[in-house]
There are 2 protein chains.
Amino acid sequence: MTHQTVGHPARPGLPDDPLADVTEPDPSCPVEITLAALRGRWTTLVIRELLRGDRGYTDLRRALPALSDKVLSERLAQLAQAGVVERRRLPGWPPRTCYTLTAHGRGLAPVLQALWDWGAAGE
Amino acid sequence: MTHQTVGHPARPGLPDDPLADVTEPDPSCPVEITLAALRGRWTTLVIRELLRGDRGYTDLRRALPALSDKVLSERLAQLAQAGVVERRRLPGWPPRTCYTLTAHGRGLAPVLQALWDWGAAGE
DNA sequence: CTGAATCCCTGCCGATACTG
DNA sequence: CAGTATCGGCAGGGATTCAG
């Protein structure tokens, strides 16, 4: 059990942590770390695809036809750097790469669910 | 009970909804609605301040000193449009405005918590 | 097949200055 | 006190092209 509810008696809905008091945008703030991982057009859709199972580069292109090579590469690199996805090059020819969510990446599922719930509830 | 768990038997972590199958970024996707509401530098910090209680314009400026007038105005307008905050003009002089989270806006607390948890757990 | 490099264009962000 | 107007810089995103 690595996350969920640190206990925040006096602050409804906000963690009881010094970083919760930052007075300006701070890349080390957990909230910003997560938003940075999700940042950019297409990012959440790529994650959604990978939540459904491992995918190759071409699988992703086929699932998201309007997504350009450049942006797909960018997103996969960004997500790899954030520790969300892992690349595995498969031996043989033609060259193939398999993209998998890391354990950390799979942890985004409840985050996306929370985003979905609020957006669906709202307004 | 307006949101939370539609029931998604076959899709771990993802809602069972046709919109979950969109093949390109779609502003009506709940996830994107939420991300749009949170988009932009300073946005989450403004929300955090308001989660702690109602604030006036100057209160917010004092709490976030590095935030410029223009951006604060932009954020408050954006959040008002998203139905997250409500403005109340107080009568009398000098002019005062009180910013309050709507019920919908208060619902962002668990979302921010989820973002915090993942960012704090990770990497 | 799987990417990375380039070019261009748009939109966001901040600083400054000004109004009711 | 509570904003709005304008300007400039810079980063994000798409189309195309090139490489391993």
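A residue counts as near a strand if one of its heavy atoms lies within 4 Å of that strand. The exercises below apply this cut-off to a predicted model.

**Exercise 1.** Determine which part of DNA strand C, sugar and phosphate or bases, supplies what share of its atoms within 4 Å of the protein.

*Solution.* Begin with the surroundings: there are 19 residues around DNA strand C, and those that come nearest are A:Thr58, A:Tyr99, B:Arg41, B:Lys70 and B:Arg75. Next, turn to the strand itself, where 64% of the atoms within 4 Å of the protein belong to sugar or phosphate, while the rest belong to bases. Finally, look at single phosphate oxygens of DNA strand C: a polar side-chain atom of A:Arg87 lies 2.6 Å from one, a polar side-chain atom of A:Thr97 lies 3.1 Å from one, and an N or O atom in the side chain of B:Arg75 is 2.6 Å from one.

**Exercise 2.** Describe the make-up of the surface near DNA strand C.

*Solution.* Sorted by kind, its residues divide into eight charged, seven nonpolar and four polar. Sorted by element, at least two residues each come from α3, α4, β2 and β3 of chain A and from α4 of chain B.

**Exercise 3.** Explain how β3(A) is placed among its neighbours and why it is largely enclosed.

*Solution.* First, β3(A) pairs with β2(A) in the antiparallel sense over six bridges, with A:Glu86 standing opposite A:Thr100. Second, β1 of chain A also pairs with β3(A) in the antiparallel sense, over two bridges, and here A:Arg55 has A:Tyr99 as its bridge partner. Third, five of the six residues of β3(A) are buried, so the strand is largely enclosed by the rest of the structure.

Note on methods: Residues are numbered from 1 along each chain as its sequence is written. Chains are lettered from A and ligands numbered from 1 in the order in which they are written. This is a predicted model: local features need pLDDT of at least 70, side-chain atom pairs count only at pLDDT 80 or more; totals for chains, interfaces and linings use all residues. Side-chain values use heavy atoms; hydrogens and water are left out. A polar contact is a pair of N or O atoms within 3.5 Å; within protein, one must be able to donate a hydrogen and the other to accept it, and residues adjacent in sequence count only if both atoms are side-chain atoms. Helices (H or I, at least four residues) and strands (E, at least two) are DSSP runs, numbered from the N terminus. Ala, Val, Leu, Ile, Met, Phe, Trp, Tyr, Cys and Pro count as nonpolar, Asp, Glu, Lys and Arg as charged, and the others, Gly among them, as polar. Buried means under 20% relative accessible area, exposed over 50%, partly exposed in between (1.4 Å probe, protein chains only). Two strands pair if DSSP finds at least two bridges between them.
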